[in-house]
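Visitor: Could you pick one part of this model and take me through it closely? I'd like to see how it ties in with what surrounds it.

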Amino acid sequence: RFFIIKESFLLYYAESEKKNFESNKYFNIHPKGVIPLGGCIVEPKEEPNMPYAIKISHEDFHGNIVLAAESEFEQAQWLEMLQESGKVTWKNAQLGEAMIESLEAQGLQLAKEKQEYLDKLMEETEELCLQREQKEELERLNQVLEAEKHRFEEVVRELRLEQEQIRRELELTARSLKGVEEEKKELRSLTQSLQKTLEELSLEKQQMLEMLEENESQLPSPTSPTKEQSPIWGLHCSLRQIEEKMQQLLKEKLLAEKRMKENEERSQALEEEREFYSSQSQALQNSLLELTAEKQQAERDLKAEVKVRMDLERRLREAEEALQSLEQGLSSLDCNKEKEKKMKADVSSLR
């Protein structure tokens with residue numbers, strides 16, 4: 001047997017318990033037996049084959065208890081310790097036994113609570129790992145949103161440049177269209193003037209023809225003046241000049257009408273080009289507005305993600321501090337009500 005004196009009790013175990021006691025430095029609260037030493041008589045005794053024997057007797061014991069040490073020095077030490085422990089009264093021994101039972105119950109309760117705290121600690125540790133993963137995911141989303149924001153800004157800049165280019169081309173087209181309209185007005189005015197001149201020449205030609213007929217009818221005799229001196233010849237020359245002038249004016253009129261038709265076609269093409277650029281500008285404006293709205297939404301999402309991440313980081317720090325305090329409390333050997341209350345508060349905060 002392996003013996004331990006604890007207060008006024010002699011506890012004994014199997015011999016293998018000695019190694020556990022020497023390595024762990026605390027005694028097992030479940031011995032094989034307990035001998036109360038209060039009021040006992042402890043004295044040396046000589047026994048055959050046991051030169052260093054010790055006898056423990058008490059009036060309430062059925063027989064005596066005989067122990068043996070391995071040397072005289074150990075016998076003296078044990079005698080002194082057993083006699084000192086035996087000075088405790090039997091009543092105190094009963095109180096000690098009740099104390100041992102109470103301590104044992106408290107130890108079991110503390111072990112149970114410690115296991116509960118450890119289980120909660122494991123749950124909260126898993127929750128912390130999950131929060132860390134959420135934090136990493138938020139950081140990844142933050143990077144994605146930043147990249148998306150930069151891409152939006154680049155697209156907006158490109159669309160603004162394209163819109164500016166279309167605006168310049170639209171202004172150029174408008175100026176060209178204005179010039180064509182002015183040239184069209186000039187050609188219309190020229191055509192009207194030519195038409196008026198043609199009408200006047202036509203009227204003059206008609207008058208000439210009438211005069212020519214009248215002069216031919218009033219011709220007096222065959223002996224007339226020379227051809228160059230005849231008034232009829234003069235009328236014929238004037239008539240030929242009028243016809244030549246009319247031909248020239250008709251050519252100019254046809255040329256003006258041709259230019260006017262070309263201007264009409266050019267004006268129509270410029271008008272279509274202006275409509276095309278206007279539609280392109282409107283489409284770009286709509287795209288720009290949509291991208292601006294998406295950019296603002298992305299910025300709002302980014303701010304919300306940053307706010308959530310900061311809140312998670314704050315909760316993570318608080319949880320880590322509570323976990324550290326809880327671990328310190330669990331690793332501490334002494335546990336009082338104040339520490340237990342603080343540990344429960346930490347667990348409630350973690351939850």
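Guide: Some vocabulary to begin with: helices (H or I, at least four residues) and strands (E, at least two) are DSSP runs, numbered from the N terminus. By that count Ser57 lies in strand β5, residues 50-57, and that's where we'll start. Bear in mind that this is a predicted model, in which local features need pLDDT of at least 70 and side-chain atom pairs count only at pLDDT 80 or more, while totals for chains, interfaces and linings use all residues. Numbering runs from 1 along each chain as its sequence is written, and side-chain values use heavy atoms, with hydrogens and water left out.

Ser57 counts as buried because its relative accessibility is 12%; buried means under 20% relative accessible area, exposed over 50% and partly exposed in between, with a 1.4 Å probe and protein chains only. Skip the neighbours within four places in sequence, and Ser57 is in contact (heavy atoms within 4.5 Å) with Cys40, Ile41 and Asn64. Its C-alpha is 9.2 Å from that of Leu37, 20 residues away along the chain.

Just before β5 comes a loop from β4 (41-47), and Asn49 lies in it. The phi of Asn49 is near 65 degrees, a positive value in a residue other than glycine. Asn49 counts as exposed, because its relative accessibility is 81%.

Now follow Leu37. Beyond four places in sequence, Leu37 is in contact with Ser8, Phe9, Leu10, Ile56, Leu82, Ser85 and Gly86. Leu37 also belongs to the largest nonpolar core, whose 10 residues are Leu10, Ile35, Leu37, Cys40, Val42, Ile54, Ile56, Leu67, Leu79 and Leu82. The elements that give two or more residues to this core are β5 and α2. A core here is a set of buried Ala, Val, Leu, Ile, Met, Phe, Trp, Tyr and Cys residues joined through side-chain atoms within 4.5 Å. Apart from this core lies another one, of 9 residues, among them Tyr117, Ala319, Leu323 and Met343.

On the helix side, Gly86 is found in α2. Gly86 is buried, at a relative accessible area of 11%, and outside its sequence neighbours within four places it is in contact with Leu37, Gly38, Gly39 and Cys40. Gly86 and Phe9 are 77 residues apart in sequence, yet C-alpha to C-alpha they are 8.4 Å apart.

Helix α2 also leads us to the second largest pocket. A pocket is found on a 1 Å grid over the protein atoms alone, as an open set of points with protein on both sides within 12 Å along at least five of seven lines, and lining residues have an atom within 4 Å of a point. This one is lined by 15 residues, with Arg1, Phe2, Phe3, Glu74 and Trp78 nearest its centre. Two or more lining residues come from each of β1 (2-6), β6 (65-68) and α2 (72-86), and α2 gives the largest share, 4 residues.

Stepping back, the protein chain has 5 helices and 6 strands, in the order β-β-α-β-β-β-β-α-α-α-α from the N terminus on. Of its 351 residues, 25% count as buried. Among contacts with a separation of 6 or more, 66% link residues 24 or more positions apart.

Notes:
On a 1 Å grid over the protein atoms alone, a cavity is a set of points where a 1.4 Å probe fits but cannot get out, and a pocket is an open set with protein on both sides within 12 Å along at least five of seven lines; lining residues have an atom within 4 Å of a point.
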